Structures are given as structure tokens and as C-alpha cells.
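Hi everyone, and thanks for making time today. I'd like to walk you through a structure that may be new to you, so please have a look at the screen.

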Amino acid sequence: MRKRTTVAMHTVAASTPVAGVTEIHKTVEQAGTMRMVPVASLPLPAGGELRIAPGGYHIMLLELREDFAPGDSVDVTLRFRDAGDVAARGQVLKYVDIEQALTGAQ
Ligand SMILES: [Cu+2]
């Protein structure tokens with residue numbers, strides 16, 4: 001998922017009807033291991049681009065209400081502190097694939 005912006009903006013929440021819990025996660029290195037931590041906001045730099053992908057920032061869906069296959073698209077509403085709600089569409093990745101992306105394992 002990619003978003004372009006001309007002003008600095010902050011996503012403060014994400015939601016989708018297909019999941020009970022939607023969190024914004026960031027991948028960080030802690031003591032030599034890559035792990036995901038929930039973050040309060042998703043910063044979009046002015047004139048810049050923030051790539052949402054495993055291994056970096058991503059939207060984590062928990063308590064799924066539908067079955068998804070990797071590659072499926074999910075509609076997500078991103079709430080921006082400065083610009084209200086924006087509809088976005090993301091691609092589904094399996095949790096195990098995210099783990100592999102984090103660790104580099106096959
Ligand atoms: Cu995550």
C-alpha cells in the first residue's frame with residue numbers, strides 16, 4: 001500500500017469491518033531480533049512517501065470476521081489526525097509470511 005501526500009500527516013487509527021481489532025504496527029529491531037510493535041500513529045512526511053509493507057509499517061488485522069487468502073484485497077479506513085478519514089486498499093499477507101519477511105527465513 002502506498003500513499004502520497006504534499007503535507008506531513010499522521011494516521012492515528014485504522015479500521016475495517018472485516019476485523020475485530022485493527023492495529024498500526026512498526027517493525028523494530030530489539031536485541032538483534034526483529035519484532036512488531038503497535039504504534040500510536042503512522043507518520044507521512046510532507047512531499048514524501050511512506051511504504052506500508054511487512055518489515056516496516058503495516059496494518060495488522062486481528063479477530064478476522066471473514067476468511068482471506070494471501071493476495072486478497074481488504075478495504076481499510078485510515079483516520080488522519082489532520083485530514084479525516086481516507087479509504088485505502090491493502091493486500092493480505094499471511095502472518096507467517098510477515099515473520100519470514102522479518103527474519104529473512106524461507
Ligand atoms: Cu504486525
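I'll begin with the model itself, then turn to the sheet, the core and a few single residues.

A word on the ground rules. This is a predicted model, where local features need pLDDT of at least 70, side-chain atom pairs count only at pLDDT 80 or more, and totals for chains, interfaces and linings use all residues. Residues are numbered from 1 along each chain as its sequence is written.

How confident is the predictor? pLDDT is its confidence in each residue, on a scale from 0 to 100. The chain has a mean pLDDT of 79, and 75% of its residues reach 70 or more. Confidence is lowest in strand β1, residues 2-4, with a mean of 52, and highest in β8, at 90.

Now the overall layout. The chain has 1 helix and 9 strands; here helices (H or I, at least four residues) and strands (E, at least two) are DSSP runs, numbered from the N terminus. Going along the sequence, you meet them in the pattern β-β-β-β-β-β-β-β-β-α. There are 106 residues in the chain, and 14% of them count as buried. By buried I mean that 20 or more other C-beta atoms lie within 10 Å of the residue's own; exposed means 12 or fewer, partly exposed is in between, and the C-beta atoms are placed from the backbone.

I'll also talk about contacts: two residues are in contact if their C-beta atoms, placed from the backbone, lie within 7 Å. Among contacts in the chain with a separation of 6 or more, 63% are between residues 24 or more positions apart.

Let's move to the sheet. What is the order of the strands in the open sheet of 3 strands? The order is β4-β3-β7, and the pairing is antiparallel. Strands count as paired if DSSP finds at least two bridges between them. At the edges sit β4 (33-38) and β7, each pairing on one side only. On average, neighbouring strands here are turned by 40° against each other, direction ignored; for this, axes are lines fitted to C-alpha atoms, for helices over the stretch in contact, and angles run from 0 to 180 degrees between N-to-C directions.

Take the two pairings in turn. β3 and β7 pair in the antiparallel sense over 6 bridges, and valine 21 stands opposite leucine 62 in β7. β3 and β4 are also antiparallel, over 6 bridges. Edge strand β4 is hardly covered, with 0 buried residues among its 6.

A good residue to follow here is lysine 26, which lies in strand β3. Its bridge partner in β4 is valine 37. Leaving aside neighbours within four places in sequence, lysine 26 is in contact with Val37, Val39 and Tyr57. The C-alpha atoms of lysine 26 and histidine 58 are 6.4 Å apart, though 32 residues separate them along the chain. Is lysine 26 buried, exposed or partly exposed? Lysine 26 counts as partly exposed because it has 14 C-beta neighbours inside 10 Å.

Next, two backbone oddities. Most residues other than glycine have a negative phi. In the hairpin of β3 and β4, with 2 residues between the strands, alanine 31 in the turn has a positive phi of about 50°. Alanine 31 is exposed, because just 5 other C-beta atoms are within 10 Å. The second one is glutamate 63, in strand β7, with a positive phi of about 55°. Glutamate 63 counts as exposed too, because it has 9 C-beta neighbours inside 10 Å.

On to the interior. Which residues make up the largest nonpolar core? There are 11, including Ala14, Ile24, Leu44, Ile59 and Leu78. A nonpolar core is a set of buried Ala, Val, Leu, Ile, Met, Phe, Trp, Tyr and Cys residues joined through C-beta atoms within 7 Å. Two or more residues come from each of β3 (19-30), β5 (42-44), β7 (58-64) and β8 (73-80). The most come from β8, which gives 3. Beyond its neighbours within four places in sequence, leucine 78 is in contact with Thr11, Ala14, Val86 and Ala88.

My last stop is glycine 71, in the loop between β7 and β8. Not counting residues up to four places away in sequence, glycine 71 touches Gln91 and Val92.

Thanks for listening!

Methods:
pLDDT is the predictor's confidence in each residue, from 0 to 100.
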